[in-house]
Amino acid sequence: MSTLFVSDLDGTLLGPDRKVSAESARMINEAIADGAMFSVATARTPATVGPLLNDIASPLPFIVMTGAAIWDRNSGRYVHASFHREETALRLVEIYKKYGLSAFVYTLGDDNVIHIYHLGEMNDLENSFMEERLHTPYKAFHISGKEEDLLPERLDKVLLFYSMRPTEEVRRVYEEIKDSGDLKAVFYHDMYGDDIALMEVFGPEASKANAVRRLAGMVGADRVVAYGDNVNDIPILEVADDAVVVENAVEAARLVADRLIGPNSEDSVAKDIKKQTKMLKNLE
């Protein structure tokens with residue numbers, strides 16, 4: 001039985017320094033050499049996924065942008081993308097404007113590059129977020145530098161609306177759109193603490209769960225082992241044959257897990273992948 005190991009990055013595979021440790025890379029590479037199929041499912045884009053996983057020798061595509069796309073590092077191209085319907089994207093723009101909530105709008109261009117626009121005025125956190133992601137061949141920002149919005153002429157290739165603002169500002173929009181059948185909204189707190197909420201709004205078919213199913217079919221996996229730590233990992237944990245959370249996982253993720261392993265600060269995911277791969281190899 002072939003097994004696909006899929007791990008979240010931040011808070012799961014990455015250590016507290018937000019990097020893959022040399023030890024984790026070594027153990028995962030050993031597992032891959034023993035036949036393990038390894039990929040990631042992350043909210044990040046290729047601009048940061050590529051460098052972060054540079055020392056891991058997996059030939060498989062990676063699930064990025066919380067399942068909105070599957071990216072092949074070897075070719076540098078997206079092998080699958082899930083977009084908002086154009087009418088839904090237009091409606092979301094009006095809702096964001098109504099509540100005065102700013103957002104980054106991620107689109108996929110014909111040049112196979114993520115083009116990012118912005119609704120509303122940029123604050124210091126958003127400027128810092130953008131500056132950390134400049135100067136990459138995988139991503140291009142289109143920011144006016146003024147108060148007016150700068151959006152693409154067409155909104156039929158929108159992958160994601162992404163907000164990082166004070167919790168109550170984000171919650172107001174989330175409460176209005178969360179039950180819409182033509183989109184998927186994820187509201188959560190992460191590295192910025194409880195005062196800043198993150199919200200990702202995707203098209204109706206975009207999810208880590210759908211992307212994991214698709215990837216498993218692409219690589220011929222009969223079984224999926226998934227690793228996570230936060231609420232946006234719950235979809236892959238729910239569809240996995242073996243759902244694993246790290247010790248530092250939030251309670252909501254723990255509730256859907258089959259197993260609990262050590263914290264992300266101790267190379268716990270890599271240790272478990274290596275252990276599981278050896279066990280599977282001994283069963284052959």
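A cavity is a set of grid points where a 1.4 Å probe fits but cannot get out, and its lining residues have an atom within 4 Å of a point. Keep that in mind for the exercises below, which use a predicted model.

**Exercise 1.** Find out how many cavities of 30 Å³ or more there are, and what volume the largest cavity has.

*Solution.* Start with the count, which comes to 1 cavity of 30 Å³ or more. Next, take the volume: the largest cavity has about 370 Å³.

**Exercise 2.** Describe the lining of the largest cavity: which residues lie nearest its centre?

*Solution.* Begin with the total, since 27 residues line the largest cavity. Nearest its centre you will find Asp10, Ala43, Arg44, Tyr162 and Glu200. Now turn to the elements: strand S9 (158-166) and strand S11 (196-202) are the ones that give two or more residues to this lining. Of the elements, S11 gives the most, with 3 residues. Finally, sort the lining by kind, which yields 11 nonpolar, 6 polar and 10 charged residues.

**Exercise 3.** Place Leu125 in the structure: is Leu125 buried, partly exposed or exposed?

*Solution.* First, locate Leu125 in helix H5, which covers residues 124-131. Then check the accessibility: buried means under 20% and exposed means over 50%. Leu125 has 23% relative accessibility, so Leu125 counts as partly exposed.

Which residues does Leu125 touch, leaving aside neighbours within four places in sequence? The contacts are Met164, Tyr192 and Ile196.

As a last step, try a distance: Leu125 and Arg259 are 134 residues apart along the chain, and 36 Å separates their C-alpha atoms.

Key:
Residues numbered from 1 in each chain as written. Predicted model: local features only at pLDDT ≥ 70, side-chain atom pairs only at ≥ 80, totals over all residues. Heavy atoms only, no water. 1 Å grid on protein atoms, 1.4 Å probe; cavity = no way out; pocket = protein on both sides within 12 Å on 5 of 7 lines; lining within 4 Å. Points joined across faces, edges and corners; volume = space filled by probe spheres on them. Helix = DSSP H or I, 4+ residues; strand = E, 2+ residues; numbered from the N terminus. Nonpolar A, V, L, I, M, F, W, Y, C, P; charged D, E, K, R; others polar. Buried < 20%, exposed > 50% of the residue type's maximum accessible area, 1.4 Å probe, protein only. Contact = heavy atoms within 4.5 Å.
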